[in-house]
Amino acid sequence: MSKYCHDLCVSTIDRLSSKHVLLKLTQDTPLPKMLPGQFVEVRVDNSPHTFLRRPISVNYVDKRKNEMWLLVAAVGAGTKEMLKLRVGDNLNCLFPLGNSFTTADKLHGRKVLLVGGGVGVAPLLFQGQTLLESGNQPYFLLGARSASDLLELDLFKEMGPVYVTTEDFSAGEKGYVTDHTILQNEHFDFIQTCGPKPMMQSVARYARERKIECEASLENLMACGLGACLCCVEKTVEGNLCVCTDGPVFNIKKLLW
Ligand SMILES: Cc1cc2nc3c(=O)[nH]c(=O)nc-3n(C[C@H](O)[C@H](O)[C@H](O)COP(=O)(O)OP(=O)(O)OC[C@H]3O[C@@H](n4cnc5c(N)ncnc54)[C@H](O)[C@@H]3O)c2cc1C
Ligand code: FES
C-alpha cells in the first residue's frame, strides 16, 4: 500500500474534554485508501522537545467530506501541542502506516466484538464503520476510568449495541471491560481490541479460554514508524517483530501474552 506525506488542513476541531481532542483533517485531492487499524505519523511543529513524529490511529474516514479523523489524548509534549491546533492549521501526516484489523469482507457472517479502553477506542470506530457498511452489525465493549473518559460514545451508539464499564461505576457496569456480564451472556466469533496493554492481555486471556479468534492493536513506543529504528519491537512466537510494520494489529496467537 503506498504511503503519503501530506500537509492536511484541520477543517474541524471537537474538544471532547480538557485533554481529548477530535481533529478532522482534509485536503484538496481525495484522501488515499486507508484501513481500520492503520495509523498516521504526525509531525509535531512548534514543540522544541518533540523531534520524532507521533503515531496516532485513523479514527474514522468520512469519504463524503474527504475527511480523516484523529482522536488525540494529550499525555506529553507532542500530543499537548496537537491540542493547540486551530481550524485552518496544517498538520504534516505520513500515512497510512502499518497493517490493519482483519477487514470486514473477511468477517462476513461472524459476530464481531470490538473492545476498547481509553483512547484505544480510536481505531474501533473506523472498524465499526467498515463492518456496518458491509452489512455486519458490530458490537462494542468500551471501558474507561470514569464516565467523562468515555470517548465518542454517541458515535459508537449510532453504529450498534454499546456495552460500557467504568472503574468508578459512573456509567455502565462497574469494573474492567473483562468484568462485563455481556462476556458471560453472549457468544462472539471474533474479538478485536485496542487499549492499555493490561486490558488487551486480559481480553486475550478471555478469548483464549473460549477459543475465540482475537486481534490486538499494540501501542508500543515508536520513532520512525517505518521499520528502520527497531524501537517498537514486540517479542512474538516468530521472534522480534516491528509493531510499526508487522503490526500494529497482531493475532493473539502470535503474541507471548
Ligand atoms: C500504533 C499507535 C496508535 C496510536 N494511536 C493513538 C491515538 O489514536 N490517539 C492517541 O491519543 N494516542 C495514540 N497512540 C499513543 C501516542 O502515540 C502517544 O501517546 C504519543 O506518542 C505520546 O507522545 P507525547 O509527545 O505526547 O508524549 P511523550 O512525552 O513522548 O510521552 C509522555 C508519556 O507517555 C508515555 N507514552 C508515550 N507513548 C506511549 C504509548 N504508545 N503507550 C504508552 N505510553 C506512552 C511516555 O512513556 C511518557 O510517560 C498510538 C500509539 C501507537 C503506537
Ligand atoms: S518505530 Fe522504528 S522500527 Fe518501528
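How far does a backbone N or O atom of alanine 73 lie from an oxygen atom of ligand 1? Keep that question in mind as you work through the exercises below. The model you are looking at is predicted.

**Exercise 1. Find the backbone contacts to ligand 1, and say how much of the ligand the protein covers.**

Solution, step by step:

- Start with alanine 73, which settles the opening question: a backbone N or O atom of this residue is 2.7 Å from an oxygen atom of ligand 1.
- Move on to leucine 71, where a backbone N or O atom is 2.8 Å from a nitrogen atom of ligand 1.
- Then take glycine 76, with a backbone N or O atom 3.1 Å from an oxygen atom of ligand 1.
- Apply the cut-off: a polar contact needs a pair of N or O atoms within 3.5 Å, so the pairs at 2.7 Å, 2.8 Å and 3.1 Å qualify.
- Finish with the cover: on its own, ligand 1 has 890 Å² of accessible area, and the protein covers 72% of this.

**Exercise 2. Describe the shell of residues around ligand 1 and where it comes from.**

Solution, step by step:

- The shell holds 21 residues, and those that come nearest to ligand 1 are Arg54, Pro55, Ala73, Thr79 and Glu219.
- Sorted by class, the shell around ligand 1 contains 14 nonpolar, five polar and two charged residues.
- Three elements, β4 (54-57), β6 (67-73) and α1 (77-83), give two or more residues to this shell.
- Strand β4 provides the largest share, with four residues.

**Exercise 3. Place ligand 1 in a pocket and characterise that pocket.**

Solution, step by step:

- Ligand 1 is in the largest pocket.
- That pocket has a volume of about 1,300 Å³.
- Its lining is made of 45 residues, and those closest to the centre are Val119, Gly120, Gly195, Pro196 and Glu219.
- To name the contributing elements, look for at least two lining residues from each: β4, β6, α1, β9 (139-144) and α5 (197-209) meet this.
- Strand β4 gives the largest share of the lining of the largest pocket, four residues.
- By class, the lining of the largest pocket has 22 nonpolar, 16 polar and seven charged residues.

**Exercise 4. Which residues lie closest to the centre of the second largest pocket, and which helix gives the most to its lining?**

Solution, step by step:

- The volume comes first: the second largest pocket holds about 280 Å³ of space.
- Among the 19 residues of its lining, Lys33, Met34, Lys63, Phe126 and Thr130 are closest to the centre.
- Helix α2 (residues 122-133) gives the most to this lining, with five residues.
- The class count for the second largest pocket is nine nonpolar, six polar and four charged residues.

**Exercise 5. How many cavities of 30 Å³ or more does the structure hold, and what lines the largest cavity?**

Solution, step by step:

- There is one cavity of 30 Å³ or more in the structure.
- The largest cavity holds about 30 Å³ of space.
- Its lining is formed by Gly118, Val121, Leu142, Gly143, Ala144, Asp149, Leu150 and Leu151.
- Five of these lining residues are nonpolar, two are polar and one is charged.

**Exercise 6. Locate the cis peptide bonds that involve Pro96 and Pro248, and the positive phi of asparagine 66.**

Solution, step by step:

- Begin with the background: most residues other than glycine have a negative phi, and most peptide bonds are trans.
- Phenylalanine 95 and proline 96 are joined by a cis peptide bond with omega about -10°, and proline 96 is in strand β7 (residues 90-97).
- Glycine 247 and proline 248 are also joined by a cis peptide bond, with omega about 15°. Proline 248 belongs to the loop between β15 (239-242) and β16 (249-251).
- Asparagine 66 is not a glycine, yet its phi is positive at about 55°. Its place is the loop between β5 (60-62) and β6.

Technical notes:
Residues are numbered from 1 along each chain as its sequence is written. Chains are lettered from A and ligands numbered from 1 in the order in which they are written. This is a predicted model: local features need pLDDT of at least 70, side-chain atom pairs count only at pLDDT 80 or more; totals for chains, interfaces and linings use all residues. Side-chain values use heavy atoms; hydrogens and water are left out. A residue is near a molecule or strand if one of its heavy atoms lies within 4 Å of it. A polar contact is a pair of N or O atoms within 3.5 Å; within protein, one must be able to donate a hydrogen and the other to accept it, and residues adjacent in sequence count only if both atoms are side-chain atoms. Accessible areas come from the Shrake-Rupley method with a 1.4 Å probe; for residues, only the protein chains shown count as cover. On a 1 Å grid over the protein atoms alone, a cavity is a set of points where a 1.4 Å probe fits but cannot get out, and a pocket is an open set with protein on both sides within 12 Å along at least five of seven lines; lining residues have an atom within 4 Å of a point. A molecule sits in a cavity or pocket if more than half of its atoms lie within 2 Å of its grid points. Ala, Val, Leu, Ile, Met, Phe, Trp, Tyr, Cys and Pro count as nonpolar, Asp, Glu, Lys and Arg as charged, and the others, Gly among them, as polar. Grid points are joined across faces, edges and corners, and a volume is the space filled by probe spheres set on the points.
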